[in-house]
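Please open the model in your viewer and keep the sequence panel beside it, so that each selection can be followed in both places. The tour goes from one selection to the next and says what is to be found at each stop.

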Amino acid sequence: MKKIVYVEGMGCQNCVKHVTEALEGLDGVSKAEVSLEKNLAVVEMSREISDDVLKTAVEDAGYDVSKIEAA
């Protein structure tokens, strides 16, 4: 199962690293591919994770989430 998280506020590869670590640190996330160019993260999950949990993880890392959708 995958979701696309649209992330605002990333400006460099260090930002990508922070968002990747925040998402991959969540229980149930197997992989997060973060694109600086597209301002999004494709999150692969082994189980359903609520949008609120994904959003909070990104916001706690210092970035904003504009929307989340199923991939």
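## A charge over a ring

Begin by selecting K67 and Y6: K67 lies over the face of Y6, at 4.9 Å from the ring centre. Bear in mind at this stop, and at those that follow, that this is a predicted model. If you then look for pairs of aromatic rings, the structure holds zero of them.

## The nonpolar core

Next, select V5, M10, V19, L23, V43, L54 and V58, which are the residues with the most contacts inside the largest nonpolar core, a set of 22 residues. To see where this core comes from, colour the elements β1 (2–8), α1 (13–24), β2 (29–35), β3 (40–45), α2 and β4 (64–70), each of which supplies at least two of its residues. Which element gives the most to this core? That is α1, with four residues. In soluble globular proteins, nonpolar side chains tend to be buried together.

Stay with the core and centre the view on V19, which, leaving out residues up to four places away in sequence, touches V7, M10, V34, V58 and Y63.

## Helix α2 and its two sides

Now select residues 51–60, which form helix α2. Within this helix L54, A57 and V58 are buried, and because they cover an arc of only 95° around the axis, they lie on the same side of α2. An α-helix has 3.6 residues a turn, so residues three or four places apart point the same way. Turn the view to the face directed away from this buried side, and you will find the exposed residues D52 and D60 there. The buried residues of α2, for their part, pack against β1, α1, β3 and β4.

Select A57 alone for a closer look; at 11% relative accessibility it counts as buried. Once its neighbours within four places in sequence are set aside, A57 is in contact with A22 and L26. For a sense of scale, draw a distance from A57 to K2: these residues are 55 apart in sequence, and their C-alpha atoms are 16 Å apart in space.

## Loops after the helices

Follow the chain out of α2 to G62, which has a positive phi, near 105°, and which is placed in the loop between α2 and β4. Is G62 buried or exposed? With a relative accessible area of 58%, G62 is exposed. A line drawn from the C-alpha of G62 to that of E24, 38 residues away along the chain, spans 16 Å.

Another glycine to select is G25, in the loop between α1 and β2, where G25 is exposed, with a relative accessible area of 62%. The C-alpha atoms of G25 and K67, the lysine from the opening stop, are 20 Å apart in space, while the two residues are 42 apart in sequence.

## From β2 to β3

Move on to S35, which lies in strand β2 and is buried, with a relative accessible area of 16%. Not counting residues up to four places away in sequence, S35 touches M10 and L40; M10 has already appeared among the core residues with the most contacts.

Then select N39, in the loop between β2 and β3. Most residues other than glycine have a negative phi, and most peptide bonds are trans. What is the phi of N39? It is near 55°, a positive value in a residue other than glycine. N39 is partly exposed, with a relative accessible area of 27%.

## Two cysteines without a bond

For the last stop, select C12 and C15 and display their sulfur atoms. Why is there no bond between them? The sulfur of C12 is 3.6 Å from that of C15, its closest cysteine sulfur, and this is too far for a bond, given that a disulfide calls for sulfur atoms within 2.5 Å. Seen from the other side, the closest cysteine sulfur to that of C15 is the one in C12. The structure accordingly holds zero disulfides. The surroundings of the two residues can be set side by side as well: C12 counts as partly exposed, at 34% relative accessibility, whereas C15 is buried, with a relative accessible area of 11%.

How values were computed:
Residues are numbered from 1 along each chain as its sequence is written. This is a predicted model: local features need pLDDT of at least 70, side-chain atom pairs count only at pLDDT 80 or more; totals for chains, interfaces and linings use all residues. Side-chain values use heavy atoms; hydrogens and water are left out. Buried means under 20% relative accessible area, exposed over 50%, partly exposed in between (1.4 Å probe, protein chains only). Contact means heavy atoms within 4.5 Å. A nonpolar core is a set of buried Ala, Val, Leu, Ile, Met, Phe, Trp, Tyr and Cys residues joined through side-chain atoms within 4.5 Å. The arc is that of the directions from the helix axis to the C-beta atoms. Rings of Phe, Tyr and Trp (its six-membered ring) pair if their centres lie within 6.5 Å; planes under 30 degrees apart count as stacked, over 60 as edge-to-face and the rest as tilted. A charge sits over a ring if NZ of Lys or CZ of Arg is within 6 Å of the ring centre and within 35 degrees of the ring normal.
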